[in-house]
Amino acid sequence: MARAVRGLSARLREVSGLLAGRFGRPDLCAHETDPVRNLVLTILSQNTTDANRDRAYDRLEERFPSLPALAAARPSELEEAIRVGGLARAKAKAILGALARIREERGGYSLDFLRGMPLPEARAYLTSFPGVGVKTANILLLFSFGMSAFPVDTHILRVTKRLGLVPTTSDLAKAALSLEPHVGAGDHGALHLNLIRLGREVCRPRAPLCAECPLLSVCPEGKRNTKGKGRPTPGLNTLPGVPPPQEERGAQPKGKGFIA
Ligand code: SF4
């Protein structure tokens, strides 16, 4: 067990170094960091592209410029404002429910009390909100509180499965919780952002560009995929008749791009 643990830590360190060599160290300060606004943003990010999430967030901010104004919104008003992001009814309910509970429990719209909490406790608190899962909680804890949380999105899950860092049966939450303790101190944000970038630009759902990948030397799937070919195999992991995933159908968004 101890050997496996050391192995995973070492492999993550190697992966992170290779990614930083290709992409550099991303700037974590460019992202929305106010915890409550970040919570709203991450709820809006669910099951949509970053571009539509950003459009929904911009309309929400325009229509409800303060958190008290947002909390006082009628559900139908909020749904209308965020419709472009999809699942408007569920997201409006989750946002209004979270704001009402924070106000009731804390006497205002602040999550600053989480700052001094141990990571597992802070995560348990956040995931007790309806509509808030481990990924959303980890994004808040990492980007708003600087904790050593490791959010795993669909890109990171796909890449880490191909690298053999998590079992192929892992889901987002299991992968996040198994990888998190083995990411190097202070490296959670950079590794998170660089793995997402790799997943979007190189290790795509279909036709990953293994021959151009900075991780080829440490990736079992990439080695299998390029063996004797000299170039990647198109259509990897694609089932006949299954349409391409959403991120391949449209242009990749920019903006507040730390959530997939
Ligand atoms: Fe993905 Fe290929 Fe890179 Fe492995 S070598 S991480 S499968 S693109």
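**A note on helix α3 and its salt bridges**

1. Glu61 is a good place to start: with a relative accessible area of 29%, this residue is partly exposed, since buried would require under 20% and exposed over 50%. Please keep in mind that this is a predicted model.

2. Glu61 pairs with Arg37 in a salt bridge, where the closest N and O atoms are 2.8 Å apart. Because Glu61 sits in helix α3 and Arg37 in helix α2, the pair ties together parts that are 24 residues apart in sequence.

3. Now to helix α3 itself, which runs over residues 50-63. Its 14 residues should span 20 Å at 1.5 Å a residue, and the end C-alpha atoms are indeed 20 Å apart, so the two values agree.

4. Which residues of α3 are buried? They are Asp50, Arg53, Asp54, Ala56, Tyr57 and Leu60. These residues cover an arc of only 160° around the axis, so they lie on the same side of α3. Their cover includes α2, α4, α5, α6 and α11.

5. Asp50 counts as buried because its relative accessibility is 2%. This residue also forms a salt bridge with Arg200 (3.0 Å, N to O). The pair links helix α11, home of Arg200, to helix α3, home of Asp50, across 150 residues. Asp50 and Arg200 also belong to a network of salt bridges with Arg53 and Asp54.

6. Away from α3, do have a look at Arg162 and Glu221, whose side chains form a salt bridge (3.8 Å, N to O). Arg162 is in helix α9 and Glu221 in helix α12, 59 residues apart. Both residues are buried. In total, the structure holds 12 salt bridges.

Methods:
Residues are numbered from 1 along each chain as its sequence is written. This is a predicted model: local features need pLDDT of at least 70, side-chain atom pairs count only at pLDDT 80 or more; totals for chains, interfaces and linings use all residues. Side-chain values use heavy atoms; hydrogens and water are left out. Helices (H or I, at least four residues) and strands (E, at least two) are DSSP runs, numbered from the N terminus. The expected span of a helix is 1.5 Å times one less than its number of residues. Buried means under 20% relative accessible area, exposed over 50%, partly exposed in between (1.4 Å probe, protein chains only). The arc is that of the directions from the helix axis to the C-beta atoms. Contact means heavy atoms within 4.5 Å. A salt bridge is a side-chain nitrogen of Lys or Arg within 4 Å of a carboxyl oxygen of Asp or Glu.
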